[in-house]
Amino acid sequence: MHDNFGFKFLLASRAIRSVAIVYMTLAIPLYLSLLKFSAIKIGLIFLAIMLFNAFIVLLLGFIGDLYSYKKSLLIAELLPMLAGIIIGLSSSHLLIILAMVIGSIGGAAGGMRGAFSPGTTALIANNWHEEGERVSKLGQLAAIAPLFSIVGGLLVSAHALLQASVGGIEAFKILYLGSGAMMLASFVLILLVKEAKVEKKKKISLKPESYRYLSRIVVSNALQGAGIGVAIPLLPLWLEMMYHANTFSIGLLFSASYLMTALGSYASSRISSHFNLLNISSRTRVLGGALLVVMAFMPSMALAALLYAARALVSGFGSPTRSTVNVRGIDKEDYGTASSIQGLASRLAQTSSGLSGYMLEYSMPLPLFAGGILQLFGGIAYGKLLRYKDIGGASV
């Protein structure tokens, strides 16, 4: 099918979104630490962010199925846009925390962070029906997002340079304000995207075959999400505490990891269709978890950075195949609700980030070690549970 739905505008929106979201997400623990919040309090703030994020993801999925996936995408841009502006202009700790929660900008600052906001996967699945074309489109999104996430990481590095003239707190605020402006640009680009007309659902429900397939994904996503929540949201703070790293080196580390994620996603979009997609999806999760476990005990930031870059490459390769596998057994009328429930399971599990601060103060390696183990078992569960569809018993 030709690009008669404005995919180029969606691609541009995800690129700009990636810059903004990645900066805002990476900066949260560092900014809060500068404002004298303890690791435990930062972890609890992330708990609140994850809970609200889970609610928004589910709500936007329902809006997508009942009304329009494009509308759910537009709402998803507005919240972090407002959050960036409020954080950029306010000096009130309470307002800053509320903006972080309502903007739902906390979480795993991976290379996919800016690509798949609620409704994106459903919109792709609705507009392009052939699986190979879906993999290609999702692969392009999964490649462009980490490429521009590099810029988001570099904005964290830019903080170290900017603070020399305006101070650390003001530097964070200026960059948050700029990120809010970028989210506005992303919102405008989404307005130009077209959506295939489908018969909208009259009520929120799932067909039995969709429910059976979805329930299997939810179990593995919960394990994966718990691992991500423990290990990743406070990772910038972990690097700062573990290796006494500054914002410049932390930003460079994440920028390098996003480049590796982009390379992995690009390779996946070119060759993964020739292999078993479920095996790729499962084994990349397992390997990603194992790399986190080893990273927890690295004696230097350079070695930790190498392992994190390797994990990013693996994650990037598995992302587009996983997005495709996740909708294989879902009826097209359930795409929005199903993708949101998948995200809900992951985000509710990521409330484990509330424990991350306690773990960090108890033992430095513990958050990454525990998170890696949980992700590893999540990958095993993903492969086992989705080995066969309930629909016709077909092997996937």
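**Exercise 1. At roughly what angle do the axes of helix α11 (residues 277–295) and helix α15 (residues 366–385) cross, and how are the two helices oriented?**

Let's work through it on this predicted model.

Step 1. Find the two helices and compare their axes: they come within 7 Å and cross at roughly 165 degrees.

Step 2. Angles over 145 degrees count as roughly antiparallel, so α11 is roughly antiparallel to α15.

Step 3. Add the handedness: α11 passes α15 in a left-handed crossing.

Step 4. Look at who meets whom. On the α11 side you will find, among others, Leu 278, Ser 281, Arg 285, Gly 288 and Gly 289. Their partners in α15 include Leu 368, Phe 369, Gly 371, Gly 372 and Tyr 382. By class, this contact holds twelve nonpolar residues, nine polar ones and one charged one.

**Exercise 2. Describe how α1 and α2 pack, and say which residues meet.**

Step 1. The two axes lie 10 Å apart, and the packing angle is about 135 degrees.

Step 2. That value does not go over 145 degrees, the limit for roughly antiparallel, and it lies outside the 65 to 115 range for roughly perpendicular. The pair is therefore oblique.

Step 3. This crossing is right-handed.

Step 4. From α1 come Ile 28, Pro 29, Leu 32 and Ser 33, which meet Ile 42, Ile 45, Phe 46 and Ile 49 of α2. Sorted by class, the contact has seven nonpolar residues, one polar and no charged.

**Exercise 3. Find the residues that touch the most other members of the largest nonpolar core.**

Step 1. The core has 60 residues, and the ones to pick out are Tyr 23, Met 100, Tyr 176, Leu 235, Phe 254 and Met 295.

Step 2. Helix α1 (residues 7–34) gives the most to this core, namely twelve residues.

Step 3. Zoom in on Tyr 23. Leaving aside residues up to four places away in sequence, its contacts include Gly 152, Leu 155, Phe 172, Tyr 176 and Ser 179.

Step 4. Don't stop there! A second, separate core has 19 residues, including Leu 11, Ile 124, Phe 187 and Val 193.

**Exercise 4. Are Lys 36 and His 244 buried or exposed, and what is the sign of their phi?**

Step 1. Begin with the usual case: most residues other than glycine have a negative phi.

Step 2. Lys 36 has a positive phi, near 75 degrees, and sits in the loop between α1 and α2. His 244 also has a positive phi, near 55 degrees, and belongs to the loop between α9 and α10.

Step 3. Exposed means over 50% relative accessible area. Lys 36 has 74%, so it counts as exposed. His 244 has 70%, so it is exposed.

Key. Residues numbered from 1 in each chain as written. Predicted model: local features only at pLDDT ≥ 70, side-chain atom pairs only at ≥ 80, totals over all residues. Heavy atoms only, no water. Core = buried A, V, L, I, M, F, W, Y, C linked by side-chain atoms within 4.5 Å. Buried < 20%, exposed > 50% of the residue type's maximum accessible area, 1.4 Å probe, protein only. Helix = DSSP H or I, 4+ residues; strand = E, 2+ residues; numbered from the N terminus. Contact = heavy atoms within 4.5 Å. Axes fitted to C-alpha atoms, helices over the stretch in contact; angles between N-to-C directions. Parallel < 35°, antiparallel > 145°, perpendicular 65-115°, else oblique. Left-handed = near helix turned anticlockwise from the far one by under 90°. Nonpolar A, V, L, I, M, F, W, Y, C, P; charged D, E, K, R; others polar.
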